[in-house]
Amino acid sequence: MENILQLLSNPIVSAVLMALAPLLFILPYALVTIYIEMKMAAHIQNRLAYMQTGWHGTLQPFADILKLLQKEDIIPTAASKFLFILAPYLVFVGTYSSFAVLPFSSAFIGSNIDLGIFFLIAVSSLVVVGLLMSGWASNNKWSLFGALRSAAQIVSYEIPSALAILGVVMVSGTMSTQEMTHFQDGGIGQWIIFGGNLPLWQKLSLIPFMIILFLIYLVSSMAEVNRTPFDIPEAESELVQGYNTEYSGMKFAIFYLAEYANLFLVSAVVVILFFGGWTSPFGTFLSGPVWGAFWFVTKGMLFVCLNIWLRWTLPRLRVDQLMYVSWKVLTPFALLCVLAIGLIVVM
Amino acid sequence: MTFEQSVFYVLAAVSIFSAVMMLLQRSPVNSALYLILNFFCLGGLYLTLNAQFIAVVHISVYAGAIMVLFVFVIMLLNLGDEKRLREHLGIRMYFGIAFSVALLAELLYILGFSSANAYVQQSPSAAEIGTVEYLGKVLFTKFLFPFEITSFLLLAAIIGAVILAKKKVVQ
Amino acid sequence: MHSYIPIILMVSVGILLGSVFLLLHRFLGPHRPNPEKLSTYESGMPPVRSARERFSVKYYMVAVLFILFDIEVIFLYPWAVNFRTLGLFGYVEMVLFIVILLVGYLYILKKGALRWD
């Protein structure tokens, strides 16, 4: 026992454990979310979804994994082999390393760097490069179109989302995700969507702008994970599977896993930015490092479910509508909000 | 050798390797990929100098945004093979060789003869200088004028981009 | 510098995990390639030409504008972190910066560079 404790206190060992911890979250999370998504989709559309494997189909995600493992790994002859294999790595590594700056609770964060939220923006643009690589390497028309559209879309929506994050940074005065959460500690009234930890009149005048910023971030985060109503990159009816059309077996699974991990990532960022991160909504009641993790994951999952709900409710946008929303609606509004917040805080 | 030093040597070696590989690749997309690797190493080198913000901005702008642009341009111009690129080079290639020889001579001079060795020590306040807070403080007080000029530079770039792209459409 | 070590570790974990997945797959999955299977998927037709054709200039436009606005936003971040200490003066500076870029934005709108058709 003592040996184990000693081993755990070794900085290298604890760093490695910290690096592995998000994985222990992502894998079960992905299984659960795939199940939730299929069930929610089915019930929204008046269907039953999985019923055969296990009680109400609960074993279906495991069956899916087994199936993917047994599939043949196909690399088309026309593809560029090296890039074809590299692309899923780039996408997954980009997504996974962003989990380093998520504060799961007051006691756990992979790496508490000062630049926290800014690092996230930087790394998310790497995923775009990975998607482009996959489309180019496949040398397939569907894949290439999907990848190009996806890149153009993600890149366009990164501006409003970065501006929305900027508004929060202005209010909290920090980019570190952990400090941002501490700023909102003390119950639901202290959350940034309600103006954070500022004097009363500032809080009241900030609320409308924070709500607008929240909506802007929500919309652009949905676009960045390529889900309906922003799923033009993988519009099944016209582009087969988009950028991962040629991928099969585990390579496809990695894309799939990265997509779901990304979904939690953007939901978690919404929670950190506007809804108090790991803080309890009741102030000191039910707070502490373990409850912190509980609140963080619960709030995150709520937004994941919101995303799923919207995905199965809304129709798909056209490309020109998509560009219109990003460049002509969200960006100017976000900029105006930033200026207004600046005026309120500086006064 | 300290930890920082060993990190520096690893990053330096990888960045030189990726730079050479970038030049040797036949397909422009592969070159672009090695360029990303190179940018990452440079970002790491900034980190060893305690310039955190610059490091992350470097990765965000170069490895992210500029790379997307490069890949788009490669696809736009359909630079499938290097052969077509070489047809356009001509006399520029000789200029390129001349300039790189000059650069090499310059580097050798700095390494061999100048007083560069006097600057191997990092400033004790380097960790503070690299933070965003410090950067913001200096940028918006001492270097205010260059900062405002930057906005004109960006404006000029926007206009240039629109004009270039529009011209292509008309053709 | 030291606070970035966990991130480097996470990158290696990501790479490792990908490799484990692919190796697992190599041992568990079948491997019976044939030319039909390895051909490019094009809805059951034999593929016509390469996919790597020339692309619309619109994508290039979006990428360039993204870079320019991205740089603008990056300039805003150091300001956002300590604009409380900079006060009203800092705010006016930033308004000036944004207004100049808004001129560029309006120019783009007027020229219709963001119109997608």
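Helix axes are lines fitted to C-alpha atoms over the stretch in contact, and the angle between them runs from 0 to 180 degrees between N-to-C directions. The structure described here in those terms is a predicted model.

## Helix packing within chain A

In chain A, helix 8 (residues 200-224) and helix 12 (residues 319-346) have axes that come within 10 Å and cross at roughly 155 degrees. Since angles over 145 degrees count as roughly antiparallel, helix 8 of chain A is therefore roughly antiparallel to helix 12 of chain A. The crossing of these helices is left-handed.

From helix 8 of chain A, the contact draws on Gln202(A), Ser205(A), Leu206(A), Phe209(A), Ile212(A), Leu213(A), Ile216(A), Val219(A) and Ser220(A). Helix 12 of chain A answers with Leu330(A), Phe333(A), Ala334(A), Cys337(A), Ala340(A), Ile341(A), Ile344(A) and Val345(A). Sorted by class, this contact holds 14 nonpolar residues, 3 polar residues and no charged residues.

One of the residues in this contact is Phe209(A), which is placed in helix 8 of chain A. Is Phe209(A) buried or exposed? Phe209(A) counts as buried because 20 C-beta neighbours lie inside 10 Å. When residues up to four places away in sequence are left out, Phe209(A) touches Cys337(A), Ala340(A) and Ile341(A); these three residues are among those that helix 12 of chain A brings to the contact. By contrast, Glu37(A) stands 172 residues from Phe209(A) along the chain, with 32 Å between their C-alpha atoms.

## Chain C

The secondary structure of chain C consists of 3 helices and 0 strands, in the sequence order α-α-α. Its C-alpha trace extends about 70 × 50 × 15 Å along the principal axes. The radius of gyration of chain C is 25 Å, whereas a compact globule of 117 residues would have a value near 13 Å. Buried residues make up 38% of the 117 residues of chain C.

## Contacts between chains

Chain A touches both chain B and chain C. In the contact with chain B, 16 residues of chain A meet 16 residues of chain B. On the chain A side, the elements giving two or more residues are helix 5 (116-138) and helix 6 (141-172). Helix 5 of chain A gives the most, with 10 residues.

The contact of chain A with chain C takes 63 residues from chain A and 55 residues from chain C. At least two residues on the chain A side come from each of helix 2 (11-44), helix 3 (60-70), helix 4 (81-98), helix 6, helix 10 (249-274) and helix 12 of chain A. Here helix 6 of chain A gives the most, with 13 residues.

The residue classes of four contacts or contact sides are set out below.

| Contact or side | Nonpolar | Polar | Charged |
|---|---|---|---|
| Helix 8 of chain A with helix 12 of chain A | 14 residues | 3 residues | no residues |
| Side of chain A that touches chain B | 14 residues | 1 residue | 1 residue |
| Side of chain A that touches chain C | 41 residues | 14 residues | 8 residues |
| Helix 3 of chain B with helix 2 of chain C | 18 residues | no residues | 1 residue |

Chains B and C also pack helix against helix: the axes of helix 3 (residues 52-77) of chain B and helix 2 (residues 57-81) of chain C come within 9 Å and cross at roughly 165 degrees. That angle makes helix 3 of chain B roughly antiparallel to helix 2 of chain C, and their crossing is left-handed. Helix 3 of chain B contributes Val57(B), Val61(B), Ala65(B), Ile66(B), Val68(B), Leu69(B), Phe72(B), Val73(B) and Leu76(B). Among the residues from helix 2 of chain C are Tyr59(C), Tyr60(C), Phe66(C), Ile67(C) and Asp70(C).

## Backbone at two loop residues

Most residues other than glycine have a negative phi. Asn46(A) has a positive phi, near 65 degrees, and lies in the loop between helix 2 and helix 3 of chain A. Asn50(B) likewise has a positive phi, near 70 degrees, and is found in the loop between helix 2 (28-48) and helix 3 of chain B.

How many C-beta neighbours inside 10 Å does Asn46(A) have? Asn46(A) has 6 and so counts as exposed. Asn50(B), with 19 C-beta neighbours inside 10 Å, counts as partly exposed, because the buried class begins at 20.

Key:
Residues numbered from 1 in each chain as written. Chains lettered and ligands numbered in written order. Predicted model: local features only at pLDDT ≥ 70, side-chain atom pairs only at ≥ 80, totals over all residues. Helix = DSSP H or I, 4+ residues; strand = E, 2+ residues; numbered from the N terminus. Rg over C-alpha atoms; globule rule 2.2 N^0.38 Å. Buried ≥ 20, exposed ≤ 12 C-beta atoms within 10 Å, placed from the backbone. Parallel < 35°, antiparallel > 145°, perpendicular 65-115°, else oblique. Left-handed = near helix turned anticlockwise from the far one by under 90°. Contact = placed C-beta atoms within 7 Å. Nonpolar A, V, L, I, M, F, W, Y, C, P; charged D, E, K, R; others polar.
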